[in-house]
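Here is a protein chain to look at. Work through it with short questions, one part at a time.

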Amino acid sequence: AIFVPLGGGGLLAGIASFVKQVRPDIKVYGVEPLGAACMTEALMRGGICTLNQVDAFADGVAVKTAGTETFRLISKFCDGIITVTTEEICAAIKDVFKDTRSILEPAGAVSVAGLKSYCRLYGVKDKVFVAVTSGANMNFDRLRLVSDIANFGAKTEVMLATSIPEKPGEFKRFVDVLVGDEKISVTEFKYRYAMNESRMAYILFSVEVDEDTKQKESLLARLSNAGMDTIDLSHIEAAQRHLRHLVGGRARSFTGAIPDERILEVTFPERPGALGKFLSELAPEWNVTLFHYRQTGNLETNLLIGIQIADSQFGSFQEAMEKLDYRAEEIDSTAMDAFGMFLY
């Protein structure tokens, strides 16, 4: 089978028309973004139509109206149309980069995303397929978004939001349930102290999962059995684009400022289990009031953390960091002037 990017339909119409003349046994599929599926809509309606709006992420195939002649040829020669999400396109870009060290633009990667979707749907293995990768006109700034959501499209990472009681000991219990016996790898962790009327704490985090072993389902079951209400945000694009950057802000407390809070930057090796080990070492000795971490892919990474540590306990905290061979430094006074504008 051949998988072809589909916008207005010219490339797909040409390939399908030729292939079906010389090798009619070969299947030809068009692939278009779910947010710009003008050909899919036209085929469903039986005629050309215009979409009210299109998602411009894959701008090379973001077309509102399919071509008249291409619609006729595709209707006659194409074996079907596959639609793919933004997350699936990003995962395809990452796959091609890992294999070839080449970076496709989103419009060039839709065919790979469609091929993967087809194989997953029909359980196809050990077959030869062709994906036409038609472009590498990648905007460098767009790579940030691609990197952020590629793993969600590949279903190797999930983003979750969990509620736990805001009281001593619950953070440690949450960490124990999260990590479990599987020693799951945490890739993102964000939290800010909030003593409000509900007396609940809200944590946004992401973890690496193995889809084949149903690791996500196992984790959600553990959290549910522990009475920790959890929402799966993995397929909510707005959460991946925006919510992860909004978690935190000013501490909410009936008592005003948080006593003995220190804001520190911690540097530690980025390897499976390292963050879980750090979280386990902290709790329940010290009360965590802020947490901001996102996996970077470097050998070492850093996170921002707020902890209630009295002056008399700071030596013990430093000893714990030395034991882990992690580096922890308080944010300097100049930086704290800026941090204070948003944290208090």
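The questions and answers below cover this predicted model.

Q: How many helices and strands does the protein chain have?
A: The model is predicted, so its secondary structure is that of a prediction. The protein chain comes to twelve helices and twelve strands.

Q: What share of the residues in the protein chain is buried?
A: A residue counts as buried when its relative accessible area is under 20%. The protein chain has 344 residues, and the buried part of them is 47%.

Q: What percentage of the contacts with a separation of 6 or more joins residues 24 or more positions apart?
A: Take the contacts in the protein chain with a separation of 6 or more. Residues 24 or more positions apart account for a share of 74%.

Q: Are H10 and H11 roughly parallel or antiparallel to each other?
A: H10 covers residues 274-282, and H11 covers residues 314-324. Their axes are 11 Å apart and make an angle of about 155°. Angles over 145 degrees count as roughly antiparallel. H10 and H11 are therefore roughly antiparallel.

Q: Which residues of H11 are met by residues in H10?
A: H10 contributes Lys277, Phe278, Glu281 and Leu282 to this contact. By class, the contact residues of both helices are six nonpolar, no polar and three charged. On the H11 side they are Phe317, Ala320, Met321, Lys323 and Leu324.

Q: Which elements are included in what covers the buried residues of H10?
A: The buried residues of H10 are Ala274, Leu275, Gly276, Phe278, Leu279 and Leu282. Their cover includes helices and strands. Included are H7, S6, S9, S10, S11 and H11.

Q: Which helix gives the largest share of the largest nonpolar core?
A: The largest nonpolar core has 48 residues. Phe174, Phe189, Leu275, Phe278, Phe291 and Ile305 touch the most other members. The largest share of this core is six residues, and they come from H7.

Q: Which residues does phenylalanine 189 touch, not counting residues up to four places away in sequence?
A: Phenylalanine 189 is one of the residues that touch the most other members of the largest core. Its contacts include Leu275 and Leu279, which are both buried residues of H10. The full list is Phe171, Phe174, Leu178, Ile203, Leu204, Phe205, Leu275, Leu279, Phe291, His292 and Tyr293.

Q: Is H4 roughly parallel or perpendicular to H5?
A: H4 covers residues 86-100, and H5 covers residues 106-122. Their axes come within 8 Å and cross at roughly 100°. Angles of 65 to 115 degrees count as roughly perpendicular. So H4 is, to H5, roughly perpendicular.

Q: How many nonpolar residues are in the contact of H4 with H5?
A: Residues in H4 that meet H5 include Ile89, Ile93 and Val96. Those in H5 include Pro106, Ala109 and Val110. By class, the contact has no polar residues and four charged ones, and its nonpolar count is ten.

Q: Is H4 roughly parallel or perpendicular to H6?
A: H6 covers residues 143-153, and its axis is 7 Å from that of H4. The two helices pack at an angle of about 100°. So H4 is, to H6, roughly perpendicular.

Q: Is threonine 86 buried or exposed?
A: Threonine 86 lies in H4. Leaving aside neighbours within four places in sequence, its contacts are Asp55, Phe57, Ile149, Glu237 and Arg241. Its relative accessibility is 8%, and the cut-off for a buried residue is under 20%. Threonine 86 therefore counts as buried.

Q: Is arginine 101 buried or exposed?
A: Arginine 101 lies in the loop between H4 and H5. Its phi is near 60°, a positive value in a residue other than glycine. Most residues other than glycine have a negative phi. With 57% relative accessibility, arginine 101 counts as exposed.

Q: What is the relative accessible area of aspartate 260?
A: Aspartate 260 lies in the loop between H9 and S9. Its phi is also positive, near 60°. Aspartate 260 is partly exposed, and its relative accessible area is 48%.

Definitions and conventions
Residues numbered from 1 in each chain as written. Predicted model: local features only at pLDDT ≥ 70, side-chain atom pairs only at ≥ 80, totals over all residues. Heavy atoms only, no water. Axes fitted to C-alpha atoms, helices over the stretch in contact; angles between N-to-C directions. Helix = DSSP H or I, 4+ residues; strand = E, 2+ residues; numbered from the N terminus. Parallel < 35°, antiparallel > 145°, perpendicular 65-115°, else oblique. Contact = heavy atoms within 4.5 Å. Nonpolar A, V, L, I, M, F, W, Y, C, P; charged D, E, K, R; others polar. Core = buried A, V, L, I, M, F, W, Y, C linked by side-chain atoms within 4.5 Å. Buried < 20%, exposed > 50% of the residue type's maximum accessible area, 1.4 Å probe, protein only.
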